[in-house]
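Thanks for making time. I have one chain to go through this morning, and I will keep it to what can be read off the coordinates.

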Amino acid sequence: MNKSDYNDPRPVKIDFETLTERQKYLLTESKTFCIYPWIHMHAYPTGEAHPCCHSTMWQSVGHCKKNSMQEIWNQAPMRALRKNMLEEKPSAGCVRCYEQEKTGFMSGRQAANKHHGHHISRVDETDSTGNLNRFEMTYWDVRFSNLCNLRCRSCGFIFSSSWYADQVKLAGDDWGKKFTAMNYAGRTETDMWEQLLPHIDHVEQVYFAGGEPLMMEEHYNILEELESRGRFDVRLIYNTNFTQTKLKNRSVFDYWRRFESVSVGASLDAMGPRAEYIRKGTDWDAVERNRERMLEVCPQVDFYISPTLSLMNAWHLPDFHRDWVDRGLIRAQDLNVNILQDPPQYRIDVASARYKDILRQKYQEHIEWLQPLDPFKRACQGFESAITFMDSRDNSDKLPEFWTKAEQLDKIRGEDIRKILPELEWL
């Protein structure tokens with residue numbers, strides 16, 4: 001099997017055969033081990049610290065408004081997590097990855113072991129309590145703030161400052177007095193950037209997400225710091241709504257063209273009016289212009305659509321995918337399906353039996369078209385896993401909640417889901 005294959009679990013930056021049997025097992029066969037707690041820590045815009053962005057929100061390992069990341073690194077929750085992973089014990093915060101793996105989807109845990117497994121020797125530095133003295137973050141994913149220009153239906157005020165006004169209308173003025181539109185992960189607005197800076201010589205990969213990273217000062221601070229040090233070897237990965245591509249008159253494309261490895265996952269769930277409805281604030285024409293401009297300025301940069309697959313775009317996604325392939329905006333393989341798991345009322349397994357039949361047939365037909373065009377099977381696996389995920393359980397009892405939530409937002413925003421997404425009448 002080719003090591004570059006998307007589904008190959010073996011680490012890509014180390015000779016697999018040089019590893020011990022224990023290390024090989026942990027990285028490719030273990031059902032619990034993940035390298036992230038040895039190289040990384042994640043922070044939400046509200047300050048909650050997590051081992052990674054896939055961890056369930058209610059299972060934090062500390063709080064960045066109370067402690068530094070270095071202090072959290074060896075507090076009891078992080079030590080217990082490492083200990084569980086080494087003893088093959090499931091952890092409550094990792095259930096999203098476990099669920100993905102059951103449906104045949106390559107989980108964040110498996111991807112971490114593949115791309116960061118060359119740090120497996122750090123396991124040998126861990127004592128029996130899970131304590132790890134080395135604090136060198138080689139992988140960064142800190143959500144500095146919730147600054148964002150969109151109000152995506154599957155999102156909320158925690159990750160989007162633009163959501164605040166809608167949330168006040170939904171929850172009431174008393175709620176609005178308790179919270180603010182802008183949230184910052186650290187103890188001050190600049191705290192997280194200041195904590196990351198000492199790790200700049202260790203960093204190998206940075207994942208930018210948000211909020212909207214391409215609007216954030218911290219994003220450009222990191223790029224300029226790396227640029228000043230000549231660290232163009234650092235891999236840059238993005239999850240961006242792709243509506244904003246410059247800050248202070250410097251285009252992000254000018255930065256990207258200088259780095260050796262840049263992967264841009266555009267959070268685009270649909271096209272045209274559907275895109276503008278699902279991710280409120282989107283100017284679809286501007287998104288397409290940005291993609292065309294990117295192809296002119298830095299065509300070598302890896303670009304792929306990274307849609308959040310939910311009830312709202314499940315029927316339309318194959319049409320959108322094929323349209324952009326036919327127009328030369330992406331290759332057929334350049335789509336990475338993210339199956340929505342929360343909020344629960346938007347999951348595709350909430351669909352009625354009839355709608356599942358319709359989706360299953362449409363996906364199977366799309367996979368037949370896609371298979372000869374997708375050499376690494378990344379896009380194919382996404383649609384195949386979606387079918388498995390959809391069929392794995394019946395959550396149709398949440399359909400009333402889906403309609404209630406949709407209609408509440410429609411009233412606030414002056415929209416009508418049935419007009420924009422007429423296919424949902426099949427529900």
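I will start with the whole chain, then go to salt bridges, and end with some backbone details.

First, a caveat: this is a predicted model. Every value I quote is computed from it.

The overall picture. The chain has 18 helices and 14 strands. Its radius of gyration is 21 Å, and the globule rule gives 22 Å for 427 residues, so the chain is as compact as a globular protein of that length. Along the principal axes, the C-alpha atoms fill a box of roughly 60 × 50 × 45 Å. Of the 427 residues, 58% are buried. If you take the contacts with a separation of 6 or more, 73% of them are between residues 24 or more positions apart. The accessible surface is about 17,800 Å², and carbon and sulfur atoms account for 47% of that.

On charge, there are 56 positive and 63 negative charges in the chain, and their mean positions lie 2 Å apart.

Now the salt bridges. How many does a search of the whole structure find? The count is 38. I will go through three of them.

The first is between R393 and E99, at 3.7 Å from N to O. R393 sits in the loop between α16 and α17, while E99 is in helix α5, so to speak of distant parts is fair: they are 294 residues apart. Is each partner buried or exposed? R393 is partly exposed, at 41% relative accessibility. E99 has a relative accessible area of 17%, and because the cut-off for buried is under 20%, E99 counts as buried.

The second pairs K280 with E415, with the closest N and O atoms 2.7 Å apart. K280 belongs to strand β11 and E415 to the loop between α17 and α18, so this bridge ties together parts that are 135 residues apart in sequence. E415 is buried, at 18% relative accessible area.

The third is R418 with E407, where the closest N and O atoms are 3.0 Å apart. Here the partners are in helices, R418 in α18 and E407 in α17, so the bridge ties together parts 11 residues apart in sequence. R418 is partly exposed, with a relative accessible area of 35%. E407 is also partly exposed, at 37%.

Going back to the first pair, R393 and E99 are part of a network: salt bridges with shared partners join E99, R347, D349 and R393.

Next, some packing. Q345 is in the loop between β14 and α15. What is Q345 in contact with, leaving aside its neighbours within four places in sequence? The list is L311, V350, K398, E401, F402 and K405. Q345 is buried, at 5% relative accessibility.

Helix α7 covers residues 164-171, and its buried residues are Y164, D166, Q167 and V168. Those buried residues pack against β5, α8 and α17. After α7 comes G172, which has a positive phi, near 105°.

Another glycine to note is G272, which is in helix α12. G272 counts as buried, at 17% relative accessibility. From the C-alpha of G272 to that of L427 is 22 Å, with the two positions 155 residues apart along the chain.

Last, the backbone geometry. Which peptide bonds are worth looking at for cis geometry? One of them runs from G210 to G211, with omega near 10°. G211 is in the loop between β6 and α10. Another cis bond runs from D342 to P343, with omega near 5°. P343 lies in the loop between β14 and α15, and that loop also holds Q345.

There are also positive phi values in residues other than glycine. N249 has phi near 70°. N249 is in the loop between β8 and β9, and at 74% relative accessibility N249 is exposed. K377 has phi near 65°. K377 is in the loop between α15 and α16, and with a relative accessible area of 33% K377 is partly exposed.

That is what I have. I can put any of these residues on the screen if someone wants to look.

Conventions
Residues numbered from 1 in each chain as written. Predicted model: local features only at pLDDT ≥ 70, side-chain atom pairs only at ≥ 80, totals over all residues. Heavy atoms only, no water. Helix = DSSP H or I, 4+ residues; strand = E, 2+ residues; numbered from the N terminus. Rg over C-alpha atoms; globule rule 2.2 N^0.38 Å. Buried < 20%, exposed > 50% of the residue type's maximum accessible area, 1.4 Å probe, protein only. Contact = heavy atoms within 4.5 Å. Areas by Shrake-Rupley, 256 points an atom, 1.4 Å probe, with all protein chains shown as cover. Lys, Arg positive; Asp, Glu negative; His and termini not counted. Charge placed at Lys NZ, Arg CZ, Asp CG, Glu CD. Salt bridge = Lys/Arg side-chain N within 4 Å of Asp/Glu carboxyl O.
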